[in-house]
Amino acid sequence: MKQENEPRRAADQTDEVLDRATSGEYKYGFVTDIDTDILPAGLNEDVVRYISRRKGEPDWLLEFRLKAFRHWQTLEMPRWAHLDIPPIDFQAISYYAEPRRKEGPKSLDEVDPQLIDTFNRLGIPLEEQKLHAGMAVDAVMDSVSVHTTHTEKLAQMGIVFCSISEAVRDYPELVRRYLGSVVSYRDNFFAALNSAVFSDGSFVYIPKGVRCPMELSTYFRINAAGTGQFERTLIVADDDAYVSYLEGCTAPRRDENQLHAAIVEIVVEDRAEVKYSTVQNWYAGDAEGRGGVYNFVTKRGLCRGDYSKLSWTQVETGSAITWKYPSCILKGHGSVGEFYSVAVTNNRQQADTGTKMIHIGSDTRSTIVSKGISAGHSQNAYRGLVSVAPQASGVRNYTQCDSLLLSSTCGAHTFPYIDVKNDTAIVEHEATTSKISEDQLFYCNQRGIPTEEAIGLIVNGYAREVMNKLPMEFAVEAQKLLQIVLTDSVG
Amino acid sequence: MNALTQYIDLYRAQQSVVNAHAPEALNRRRAAALAALEGMERLPRKGAAGFAAVSLEDMFAPDYGINIARVPFAANERAEFSCDVPNISTASALVVNDEFVPTASLAKALPEGVEVMSLARAAETYPELFAEPVEPRDNPIVALNTLFVQDGVFIRVKRGVRAERPVQLLSIFNAAAPLMAARRIKIIVEDGAQASVLSCDHPRVNDFDYLSCRVVEVTLGTNARLDFYDLEEASPRTARASVLTASMGTGSILNATGIYLNGGTTRNEYYAPLRRPGAQVRLGGMVIAGSGQRVDNATFITHDSPRCISRQLFKYALFDDAEGAFEELVTVCPGADNTDARQTNRNLLASPQARMHAEPQLIINCDEVKASHGATTGQIDEKALFYMRSRGIPEAEARMMLINAFMTDVLDHIELPALRERLRLLTDRRLRGCESTCRDCGIKTERGEA
Amino acid sequence: MKDILLQVDDLHASIGDKEILRGINLTVRPGEVHAIMGPNGSGKSTLSGVLAGNPVYKVTSGSATFHGLNLLELSPEDRSHEGLFLSFQYPVEIPGVSMVNFMRAAVNAKRAYLHEAPLSAGDFLKLMRQKRAIVELDNKLASRSVNEGFSGGEKKRNEIFQMAVLEPRLSILDETDSGLDIDALRIVSAGVNKLKTQDNATIVITHYQRLLDYIKPDYVHILYKGRIVHSGGPELALELEERGYDWIKEQVDNQ
């Protein structure tokens, strides 16, 4: 009898432990008390002109912004995602917030010590010697880049790594050539909004034949209240270049929602390779769903060159609402697109995320691995498109998308779209949905592993295929994050 | 003027004629259907959400006539038709356009406890069975059908009766002008009863452009079971917009297999909400489409009760410039514990112009579930092809055998051995590009013999 | 002098951009058994694939004549009809195609090629029964899909069964011994020996001497880096068994 009772007891415990395990606290929720110049809330042409003027931008960029703004005014917010988005008052948001600092070049000595301290608390030291040797960081607070490390060392190799505002000033031709070339301002509602008001973000250019010797990383922090963040990142890898780029983000705990509408554009030329990794940890709101960041992001790369490769890896743990589809346009012959994603939602979080693999070139290949983990009352959806153009022969796609349910009140959804217009393509899609296995938990219990720890093990094991794609330092970080989100006391 | 307003205007103008030739039980539903249609901007076009290959707007746009005054077509008097699925001992009935035409053998062949009759007659005889509106009410195909339906087929299997012999419905068009028919098949299988129904859509020689706007309404009692086989082997000039909708009792089983071998543009929708514990639905689909053909299957299965099972297996082989789409949505509601839902979609593209679109979707709001889906689109296995050729089998023959083999598991789900074998043969013939001939079936109508 | 069944001259073939066969010369006469041995990656399976007409390989130059016909011009199925049989190293599984249908299609395609009437169902089943006995193939396998769920031994026996049915003039056995236990090896090779006549010939491709204890070769060729680098009698196989391939590799690589 005892043996029979054992698994049942374990199962009963599971709910309780899951409850505890999934109530991890957000530890980046502090606010930095720093003088900030904030533009009054509201959006009109004057605001767009103000941002452009403030950044000292050339006329063509102001024109670009204004065209985008006028187009945005004709659009309505998209409603097709499996998301319950409360009405957003776009006039109640401030579109520019800048931590106050001295004018002139940003030597680290001139950066407000409080800012340095903020990034230290986030685990991102801005002193180069304190940083991991293989990493350069661009730190962005609210609307502006605070500091970029290792720029000189990279410059020696011809690599440009700076804030996009600096790039507009120092490399106007490069920026003008590529800005909006992958994500047009007409692309969607949020892309139009971002194109009108984007503040800062990173610019990366890797010249022909150069392998970037260190990970390039941008760390985004929303600090000021009542603001939105609209960063814009542009990465160009010229022929035979290689770069691995990391993106991290956090925000303070606030009761009201904050808007984050970013654009990331990537251009990959002949035989070049870009690895783009994200650990998204915006403030997710509290257990009742108050506050948290609305994360509406357009990320897209164009594999323009033959045999080019773009690999997206994302670990999505934060944000109240996530709307994000990092995509690859596989235009170059033999180009390769990859998308590896772990999306964890808990409490009242909602995520609708996935990818688009647009096969235009022949012999292009793509791989999609998506692991959704839903807990609490959250809603977690995978949405993906695999399309094969009529002229694209020899295309190969494999998609695996799995959902793991950790509570009876959460939702896990799968919305794949598969469009094949060439008869030589092989496109495969597999999906499974299951709850965490009682058998696995019991097996762990029987081997002496407590349920709480077992859940951590199983979830990390479940996500391993994706975690393995992250650069080492990031993987450790991401693993910890998963445990914080899901298994509070473990580790 | 779009297609929708065309039908709305026609109904408004001819309402009294439509009603005069139909029973009150059917007429009663028309106002709500009209309101539903009036609430729509237009019929979905190709590219609208869930309509990847087929445009309902285009399908309904041509200037079809509707025989609302129920003028007897002269040709009908000699209606004689033989089917491609012979040698199955069936009780059969003919549907000419939308009209139920009993065959001589029907009454004799029907087992005790099984009724097969004209829908119009049934609606007069048993108006209480027509009290509930057909779901989903806001569906354009259902609403258009409800607006114009005047006759059709009524099948009822009484409580506890296990009808061994299948009921066969042969649907043909017979009109010397383009015609739209609102076809309705209502099947009731009462508690503990079992039935199988084979529906065949067939062409006629000298045909015009036809449109079948069809609703198959299935009601299954507790532990009832229906096997529904739906063969489409119609003329390329016959378009079809069909909805199969099921109301499923506790522990009931619906096994529906749709086979498209020939026809024009087709859109089939399946709605199976599982609202009672232990209900099971198994949907199968096989599509072989060639030049100019567009075939779209859309399935909506909602698990809204514990211990329900759903299985879906849809396979497409597309030739020439055929275009196929498969949209499926499985929704698991909170509290639908021990749900077991599986979907499989496999597609072969056999020509550079063929197109396939798949959307295998899952919405899951319950954690006691086993749910999976898989969708692949590809070609014939080149290794197998070479292996067969190296054994002397000519390439074309080897391809044919491989496509037949690819389809085999859909046909495996057909429980009637004679039908299964017949369909294998028809599939093989279709793949060989033969026009199937309907010589040896020999089902005659009463009128035809008179 | 006997007729020549297969004459291969300076045959070059590649897969993609990679040249694998780099000038093969081989003459096979009726009644002969040739063994082609060689280390992994030497091109053994490519040679068998090229002779059978596998479209993944591209012949870049050279010729192959099969009892007077230009072999390289023939489709794979016509090569089969003309009497060339390849026993696959990895027989392909074909779900959904039953063995019976598969073999009937093969037999009748050949008969059509030879302008013969198709076999009646009765005669065909009789033929199947007869030939099954040669390799002790279980009747049950006949009703299953081609090679699907067959064990390694069953797959190889199935290959020899097909060979028995199709009665080829030239059989190429590609690593037929791989994955076989000793009993299966005995049955398979006994089957091959039973089918041997004065009019047909066999090419045995193998990595090991083991199979040659059962199927006695008249000639042994060593294939290395896409060329036949050594030919001899049965004693060559024994020498290889003793000394391995290294001495051959050294000889060739040092040239």
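**Exercise 1.** What does the accessible surface of chain A come to, and what percentage of it belongs to carbon and sulfur atoms?

*Solution.* Note that this is a predicted model, in which local features need pLDDT of at least 70, side-chain atom pairs count only at pLDDT 80 or more, and totals for chains, interfaces and linings use all residues. Residues are numbered from 1 along each chain as its sequence is written, chains are lettered from A and ligands numbered from 1 in the order in which they are written, and side-chain values use heavy atoms, with hydrogens and water left out. With the Shrake-Rupley method and a 1.4 Å probe, the surface of chain A is about 18500 Å². Carbon and sulfur atoms hold 47% of that surface.

**Exercise 2.** Find which pair of chains has the most contacts.

*Solution.* Take a contact as heavy atoms within 4.5 Å. Two pairs of chains touch, and the most contacts are between chains A and B. Chains A and C do not touch, and their nearest C-alpha atoms lie 14 Å apart.

**Exercise 3.** Place strand 10 of chain B among its partners.

*Solution.* Begin with the strand itself, a DSSP run of E with at least two residues, numbered from the N terminus. Strand 10 covers residues 238-248, and 10 of its 11 residues are buried (under 20% relative accessible area, 1.4 Å probe, protein chains only). Next, look for pairing, which takes at least two DSSP bridges between two strands. Strand 8 (residues 210-220) runs parallel to strand 10 in chain B, joined by 11 bridges; here V218(B) has A246(B) as its bridge partner. Finally, turn to strand 12 (residues 266-274) of chain B, which is also parallel to strand 10, over six bridges. In strand 12, T266(B) stands opposite R240(B).

Note on methods. Buried < 20%, exposed > 50% of the residue type's maximum accessible area, 1.4 Å probe, protein only. Helix = DSSP H or I, 4+ residues; strand = E, 2+ residues; numbered from the N terminus.
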